[in-house]
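Here's a quick tour to read with the model open beside you. Grab a coffee and click along as we go.

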Amino acid sequence: MSEKKPTPVSVFPDNWVAMSIDEKYDFFKGVMLSTEDKAFVNAEVAEKYKRRMTRLYDAVELKEPDRVPTLLLSEGYIARRAGYSQADYFYNTENIRQAAIKFHEDFPEMEYASTVLPYPGEAFDLLGIKMLRWPGGDRPDALPDNTSWQYVEGEYMPASDYDELIQNPEGYVFRKWFPSVFENLKALAAFPSLFAPMEPATVAAFLAPLAGGPIRDALNLLLEAADKALPALIPAALAYNQIITQFGSPRFYGGLTFAPFDIIGDTMRGTKGVMLDMYRNPDKLMAACEAVVPATIKFAVDGAYANKRPFVLIPLHKGADGFMSEEQFTQFYWPSFKKSMEGMIEAGLIPVPFVEGSYNNRLDILSDWDVPKGKVVFGFDQTDMKTAKEKLGDKFAIFGNVSGSLFATGTPEEMDAYTKDLLESCAPGGGFMLGSGSPIEFTTPEVLRTYLGATKKYGVS
């Protein structure tokens, strides 16, 4: 009997809405494993791609693959190694495309596509974004060209706005948060209600404020920024496609989203504001987290469905051990975050929360989650991986914990010893992937090659 081939897919099945979680999962798995709809340079590369993708899915499904997969978050190092500046991520993404290709040429043992993150610097300049500082450009606060970008925390939403956010999250973001964060979009605060044209007689009243003046200028600015952003995105897409078809290195993530509490705490209330809210406005903070859950699911679904890759990266920030107590995590962070991930799973996606900091005091909470096995992948930064494997290994695949400092300052011998211990502790039984605990900004070729070769020495079934 001939082996059933994965189905190359360009559209979703007609009965997609009625399909079960497992059926949607299998659909995406078929798309990811398929080699028929990708223009590989030769059959050998196509086979390499399928072998690596199979290896990844075996780990996700808590099986022992032929070899432990090796993931790498490699953001800033890609440009530095190729001789480009960090400013090129914002103002010359073609250079970053070339750097990513060179990276894979220099390290053909890279199993999965390296990170290529374009940032549309010219669009940022037009909008006047205030929550970020970045290198390049001629702004007075521009960072030096070879400095990584930085968040600028602020209270971009006052506590008095909680009710408005809860009642209409997306409307609030458009009319209040945009004008607060984007210096040149303040006019959007006066944007008319989208319910205004529900009757033909009120269409003209809805359109009139858009005909001229500040709102029209703001909308035109958004379109101009979109025109600036698109050329920045195209080189990244081309890079990923070339990495897949030339090197057989699959792209892992298909979507991105955020935990509801982090949406409130990172770029709305800020750290100080959200910490005070846990004491001063606890009910409204929890209600706001619940209110943005649908938006977090939609954001994940939109990206993953468009890319037809089900893995959704969720960088986690303020739920870490050092930020809040276990009781606060259970009260404020976990309920809405769990609901968000469950919505993604219902949509056939695989949430990939990446824990920045430590979750040592959260592992029991995660292990008690009643969720289908093999439908979530947890990445860890500083969490004790042996304990994580013991407590989560029968439910989730895990990766991470090879620190950025080890990449930056360690020797090949230290990297070899660390990865050997990690693999011997966590690989048996399956469900484990070797992974960096943070994006890699600095390292040496010798240390990196030691890391990339570790699973061939210590991670073979």
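Is Ser74 buried or exposed? Ser74 is buried, because its relative accessibility is just 1%. Keep in mind that this is a predicted model. The points below start around that serine and then move on to helices, cores, salt bridges and a few backbone oddities.

**Around Ser74 and helix α5**

- Ser74 sits in the loop between α2 (43-60) and α3.
- Beyond its sequence neighbours up to four places away, Ser74 touches Phe103, Ser114, Thr115 and Ile440. Phe103 is one of the buried residues of α5.
- Helix α5 runs over residues 93-106. With 14 residues, α5 reaches 20 Å from its first C-alpha to its last, close to the 20 Å expected at 1.5 Å a residue.
- Ten of the 14 residues of α5 are buried, so the helix is largely enclosed by the rest of the structure. Among them are some you might not expect on a buried list, including Arg97, His104 and Asp106.
- What do the buried residues of α5 pack against? Their partners are α3 (75-82), α4 (88-91), α10 and α20 (445-458).
- Ala99 belongs to α5 and counts as buried because its relative accessible area is 1%.
- Setting aside residues within four places in sequence, Ala99 is in contact with Ile78, Ala79, Ala82 and Tyr84.
- From Ala99 to Glu183 you go 84 residues along the sequence and 33 Å through space, C-alpha to C-alpha.

**Helix α10 and its nonpolar patch**

- Helix α10 covers residues 214-247. Its 34 residues reach 49 Å from first C-alpha to last, close to the 50 Å expected at 1.5 Å a residue.
- Right after α10 comes Gly248, with a positive phi near 70 degrees.
- Leu230 lies in α10 and counts as exposed because its relative accessibility is 51%, with the cut-off at over 50%.
- Leu230 also joins Leu233, Ile234 and Leu238 in a nonpolar surface patch of about 370 Å².

**Nonpolar cores**

- The largest nonpolar core has 115 residues, and Phe261, Ile264, Leu349 and Phe380 have the most contacts inside it.
- The largest share of this core comes from α10, which supplies ten residues.
- Another core, of 27 residues, lies apart from it and includes Met32, Leu33, Val60 and Met433.
- Phe380 has a long contact list once neighbours within four places are left out, including Phe354, Tyr359, Met385, Leu392, Phe399 and Asn401.

**Salt bridges**

- How many salt bridges does the structure hold? The count is 30.
- One of them pairs Asp22 with Lys375, with the closest N and O atoms 3.2 Å apart. The two are 353 residues apart: Asp22 is in helix α1 (residues 21-33), and Lys375 is in the loop between α16 (363-367) and β6 (377-380).
- The ends of that pair sit in unlike settings: Asp22 is partly exposed at 45% relative accessibility, whereas Lys375 is buried at 8%.
- Arg139 meets Asp125 in a salt bridge (3.4 Å, N to O). Arg139 is in the loop between β1 (132-133) and β2 (150-151) and Asp125 is in helix α6 (residues 121-127), so the bridge ties together parts 14 residues apart in sequence.
- Arg139 also forms a salt bridge with Asp141 (3.5 Å, N to O). Arg139 is buried at 17% relative accessibility, while Asp125 and Asp141 are partly exposed.
- Elsewhere, Arg55, Asp66, Arg67 and Glu111 are joined into one network by salt bridges that share partners.

**Positive phi outside glycine**

- Lys308 has a positive phi near 55 degrees. Lys308 is in the loop between α14 (293-307) and β4 (311-316) and is buried, with a relative accessible area of 17%.
- Asn401 also has a positive phi, near 80 degrees. Asn401 lies in strand β7 (residues 397-402) and is buried at 11%.

**Glu326, at the start of α15**

- Glu326 lies in helix α15 (residues 326-346) and is partly exposed, with a relative accessible area of 37%.
- Glu326 contacts Asn361, Arg362 and Ile365, not counting neighbours within four places in sequence. Glu326 and Ile365 are 39 residues apart along the chain, with their C-alpha atoms 9.0 Å apart.

Methods. Residues numbered from 1 in each chain as written. Predicted model: local features only at pLDDT ≥ 70, side-chain atom pairs only at ≥ 80, totals over all residues. Heavy atoms only, no water. Patch = residues over 30% accessible without salt bridge, like charges linked within 9 Å, V, L, I, M, F, W, Y side chains within 5 Å. Areas by Shrake-Rupley, 256 points an atom, 1.4 Å probe, with all protein chains shown as cover. Salt bridge = Lys/Arg side-chain N within 4 Å of Asp/Glu carboxyl O. Helix = DSSP H or I, 4+ residues; strand = E, 2+ residues; numbered from the N terminus. Buried < 20%, exposed > 50% of the residue type's maximum accessible area, 1.4 Å probe, protein only. Contact = heavy atoms within 4.5 Å. Core = buried A, V, L, I, M, F, W, Y, C linked by side-chain atoms within 4.5 Å. Expected span 1.5 Å × (residues − 1).
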